[in-house]
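Reader: I would like to understand the words people use when they talk about a protein model. Could you show me the structure and take my questions?

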Amino acid sequence: MTANLSSFELGYDIPALPGMRQEDIYTPALIIDLDAFEDNIERLRAFCAQHNVRHRAHAKMHRSVDVARFQIERGGACGICCQKVSEAEVFARAGITDILISNQVTRKEQLERLARLAKTSRILVCADDAENIGAIAAAAAAQGVAIEVLVEIDVGAGRCGVQPGASALALAQAVTAQPALRFSGLQAYHGPAQHYRTYEQRKAAIDEAIGLTKATVDLLAKHDLHCDIVAGAGTGTFMFEGVSGVYNELQAGSYAFMDASYAAILDKNGSRNDEFRFALQLQTTVMSKTMDGQAVCDAGLKSQTTESGLPLVWSHPDVTTVTVNDEHAVLSDPGNTLAINDTVRLIASHCDPTCNLHDWYVGVRDGVVETLWPVSARGKSL
Ligand SMILES: *Cc1c(COP(=O)(O)O)cnc(C)c1O
């Protein structure tokens, strides 16, 4: 799908137009290598089909209606996850009808907005607090809708979620006591484990999470509470949850684009993780070349984040990033291969917050711009 671009001015509102050559794109711009993107989507679709688990794609990563539709229509995703109500609103308005807020929603006005979404979409939300469950129920009842609740358990992340076992049972019972709510299962996501460096570290953490989750599912079953959904997993660990026989809904997000911090984790053989291709690239232009062995390009902190490390230089194997400032990235170019106006493509260290700095994705295939997709939910953090 191509956005209607007729009211946008090239180089001002939009970085490219379909049909342009890739090297003519205004920079800095986020590029999607469409072949790589489609391969990534297919790879996870095939994994889920093989292991008979659902994929609920995490849309907080891309914040794009077009990407979410592709994940559902071509990637077989059953729906999406969002982290924020305002983010979910963008996707719901675009016609996506199965949305989990994989997060806590606690403020009254946010709950009111969440309940309004449930008039047109299937809405699920996580909860880890009895009073909050009462507040979700009140908001749902006020709008005359049903909201589905996943009880969130802490399987090792040490952030949100009650302890597995009895505390989770008590909350599940609190949900079923509310006529406006439906108990749909458990959220058991281990965030930090996604980036544990070795395969063994990630497997050990998720094995433990699987054990805690299974014990909780079994305890609930003893009390006649069935978990339709047992959810969790991201790009770093889905291969464990996916074959566990306990989890049935995977939430990987970054797999679609990839980034440098995911490429830094190691696979089973101790090599760099190359399961997914680098579909997301930050295209930049060399703007200064005054020093021997160094070049400067035009993508700084306003077009990429560096909290997870420096970007990789994808287009030039011998070039590395030295530092990233507000508007510049300083590159080490030992062979002096770069000249002013050369195109350099970077792999952002962390895709989620980098995408949120841009208005558009430029979809490229075979060196030609094929489509522009808006970052539809950019900035929606309420
Ligand atoms: C971010 C997130 C994911 C997806 O993680 P990726 O690393 O992007 O694959 C899954 N579940 C939850 C709850 C998340 O917050």
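Author: Happy to; what follows is a set of questions and answers on this model, which is predicted.

Reader: Let's begin with helix α6: which of its residues are buried?

Author: In α6, residues 166–176, the buried ones are A168, L169, L171, A172 and V175.

Reader: How do you know that these residues line one face of the helix?

Author: Look down the axis of α6: its buried residues fall within an arc of 165 degrees, so they line one face. Among what covers these buried residues are strands β5 (122–127), β6 (147–152) and β7 (181–187), along with helices α5 (130–143) and α7 (199–222).

Reader: L212 sits in helix α7. What makes it partly exposed?

Author: Its relative accessible area is 31%. Buried means under 20% and exposed means over 50%, so a value in between is called partly exposed. Setting aside residues up to four places away in sequence, L212 touches V155 and P164.

Reader: Which residues have the most contacts inside the largest nonpolar core?

Author: They are F91, I99, I147, V151 and L181, in a core of 58 residues. Helix α7 gives the most to this core, with 6 residues. Another core, of 48 residues, lies apart from it and includes F37, Y262, F276 and C297.

Reader: What is I147 in contact with, leaving aside its neighbours within four places in sequence?

Author: I147 is in contact with L114, A115, A118, I123, V125, I136, A140, A180, L181 and R182.

Reader: Now the cysteines. How do you know that C82 is in no disulfide?

Author: The sulfur atoms of a disulfide have to be within 2.5 Å of each other. For C82, the nearest cysteine sulfur is that of C81, 7.7 Å away, so by the 2.5 Å cut-off C82 is in no disulfide. C160 is likewise in no disulfide, with the nearest cysteine sulfur, that of C126, 9.0 Å away. By this rule the count comes to 0 disulfides.

Reader: Are C82 and C160 buried or exposed, or something in between?

Author: C82 has 0% relative accessibility, so it counts as buried. C160, at 28%, counts as partly exposed.

Reader: What can you tell me about the largest pocket, such as its volume?

Author: Its volume is about 710 Å³. The lining has 34 residues, and the closest to the centre of the pocket are K60, Q83, R159, Y189 and D352. Strand β4 (residues 98–104) provides the largest share of the lining, 3 residues.

Reader: What makes the backbone at M258 and N341 worth a look?

Author: M258 has a positive phi of about 65 degrees although it is not a glycine. N341 also has a positive phi, of about 75 degrees, and is not a glycine either. M258 is found in the loop between β9 (249–250) and α9 (260–263), while N341 is found in the loop between β14 (329–332) and β15 (343–347).

Reader: Why is N341 called exposed, and M258 buried?

Author: N341 has 60% relative accessibility, which is over 50%, so it counts as exposed. M258 has 1%, which is under 20%, so it counts as buried.

Reader: One last question: why is the peptide bond from T27 to P28 called cis?

Author: That bond has omega near 0 degrees and is cis. P28 lies in the segment before β1 (29–33).

Definitions and conventions: Residues are numbered from 1 along each chain as its sequence is written. This is a predicted model: local features need pLDDT of at least 70, side-chain atom pairs count only at pLDDT 80 or more; totals for chains, interfaces and linings use all residues. Side-chain values use heavy atoms; hydrogens and water are left out. Buried means under 20% relative accessible area, exposed over 50%, partly exposed in between (1.4 Å probe, protein chains only). Helices (H or I, at least four residues) and strands (E, at least two) are DSSP runs, numbered from the N terminus. The arc is that of the directions from the helix axis to the C-beta atoms. Contact means heavy atoms within 4.5 Å. A nonpolar core is a set of buried Ala, Val, Leu, Ile, Met, Phe, Trp, Tyr and Cys residues joined through side-chain atoms within 4.5 Å. On a 1 Å grid over the protein atoms alone, a cavity is a set of points where a 1.4 Å probe fits but cannot get out, and a pocket is an open set with protein on both sides within 12 Å along at least five of seven lines; lining residues have an atom within 4 Å of a point. Grid points are joined across faces, edges and corners, and a volume is the space filled by probe spheres set on the points.
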